[in-house]
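Open the model in your viewer and keep the selection tool at hand, because each stop on this tour begins with something to select. Take your time at every stop, and turn the view before moving on.

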Amino acid sequence: MALLHIDRTQARRIAVRAQLLDATRPTGLLDTLRRLTLLQIDPTAAIAPNADLVAWSRLADAYDPSQLQQAVERDRSAFELGAMIRPIEDLRLYLPDMHTRPRDAKAREWLAANATFHRDVLALLAEKGPLLSRDIPDTSTVPWPSSGWTDNRNVTQLLEILNNRGEVAISARRGRQRLFDLASRVYPTVAADLSVEEAARLRDERRLGALGIARARTTAYPVEPADVGEAGEEATVEGTKGTWRVDPTLLGQPFEGRTALLSPFDRLVHDRTRIEEIFEYEYTLEMYKPAAKRRWGYFALPILHGDRLVGKLDATADRKAGVLRVNAIHEDAPFPRAAVDDEIAALAAWLGLDVARAS
């Protein structure tokens, strides 16, 4: 098969369309989740929690955060694993990998040394679950060794391991706190019909469908990779080095764009190297920098207009004052200010806030 050659405009449009950020909006939350494959949970809520902000940028005021809570906690049409919310249909793609955990020798040895602790936690969840981690006694015989924040946090560490093994599952959240229960009471019965290798291949295909265009191999990211193996078709992109993988179903489709405000954790911009190569756009999340060293703001939102990333919105939701404070709009490339102003107004209305602009 001849190698595909596409220009940057085509590459950008493929990525935007795959992420449901073109003019044709998805029909609902589950449609969005199934096509994006995940919504990432992040505790930072300078404007709104990441999962909600990503959903709003696709669905606008048709989305309410209670819909996501209902999908995870009541309908069980979605599940949480590794701080990612995924459609329940994809559970079968993760179970084969979960059943091989933990792969790390340190974790395996620690789990084996705490067999009684392991049994105690499962028995308590069976009797009283779902439970918060603080409601589970620590009966470990060997503490978890760490030089970091997990040092001696034995209950939390065991729950993480058992969650990754598919023995316990996150049943719900109370604020930022997770409620754990036996996986058999949270997950539906799923046929064990995939090998580890086949499941990994299908996850690559799903990921490429959500990204549209990606590298076969790239920088490793925790939990969710940014690369897609041999999924899709190989292609070169004008002005970039090496080859890419492209979802062939997204080639040659008509494109109509729109203006959108994106979370810094949005999958369109999550791989910073990819957006520099394809969108020629620079972005760094500056919340960890001293205020004096920030160029764009604490939690600046990338601005998408059509098939270009054109700027950053420095804004903060001040719920006590009842306003969305717009500190600055940084322009990387020309864009119609009215379209961005309309999106800011829509975001504020969805949050139940008024817009307050810096003088």
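Begin with the largest pocket of this predicted model, and select helices α3 (50-59), α4 (65-73) and α8 (154-165) together with strands β6 (168-174) and β7 (177-182), since each of these elements supplies at least two residues of the pocket's lining. Which element gives the largest share of that lining? It is α4, which contributes five residues. The space inside this pocket comes to about 880 Å³, and of the 31 residues that line it, those closest to its centre are I41, R173, G175, R176 and Q177. If you colour the lining by class, you should find 14 nonpolar, seven polar and 10 charged residues.

Next, move to the second largest pocket, which holds about 680 Å³ of space. Select L81, G82, P222, V223 and E224, which lie nearest the centre of this pocket among the 29 residues that line it. Then add the elements that each supply at least two lining residues, namely β3 (78-81), β4 (84-87), α5 (91-98), α8, β6 and α10 (196-211). The largest share here, four residues, comes from α10. By class, the lining of the second largest pocket is made up of 12 nonpolar, five polar and 12 charged residues.

Now select helix α2, residues 29-36, and show the side chains of L29, T32, L33 and L36, which are the buried residues of this helix. Why do these buried residues line one face of α2? Looking down the helix axis, you can see that they fall within an arc of 95°, so they share one face. The general rule behind such a pattern is that an α-helix has 3.6 residues a turn, so residues three or four places apart point the same way. Before leaving this stop, select T37, the residue that follows α2, and note that its phi is positive, near 75°.

For the last stop, select the open sheet of four strands, whose order is β1-β9-β10-β8 and whose pairing is mixed. The edge strands are β1 (4-6) and β8 (213-214), each of which pairs on one side only. Between them in the order, β9 (residues 233-237) and β10 (residues 244-246) pair in the antiparallel sense over three bridges. To look at one place along this pairing, select E233 and find V246 in β10, which stands opposite.

Terms used: Residues are numbered from 1 along each chain as its sequence is written. This is a predicted model: local features need pLDDT of at least 70, side-chain atom pairs count only at pLDDT 80 or more; totals for chains, interfaces and linings use all residues. Side-chain values use heavy atoms; hydrogens and water are left out. Buried means under 20% relative accessible area, exposed over 50%, partly exposed in between (1.4 Å probe, protein chains only). The arc is that of the directions from the helix axis to the C-beta atoms. On a 1 Å grid over the protein atoms alone, a cavity is a set of points where a 1.4 Å probe fits but cannot get out, and a pocket is an open set with protein on both sides within 12 Å along at least five of seven lines; lining residues have an atom within 4 Å of a point. Grid points are joined across faces, edges and corners, and a volume is the space filled by probe spheres set on the points. Ala, Val, Leu, Ile, Met, Phe, Trp, Tyr, Cys and Pro count as nonpolar, Asp, Glu, Lys and Arg as charged, and the others, Gly among them, as polar. Two strands pair if DSSP finds at least two bridges between them.
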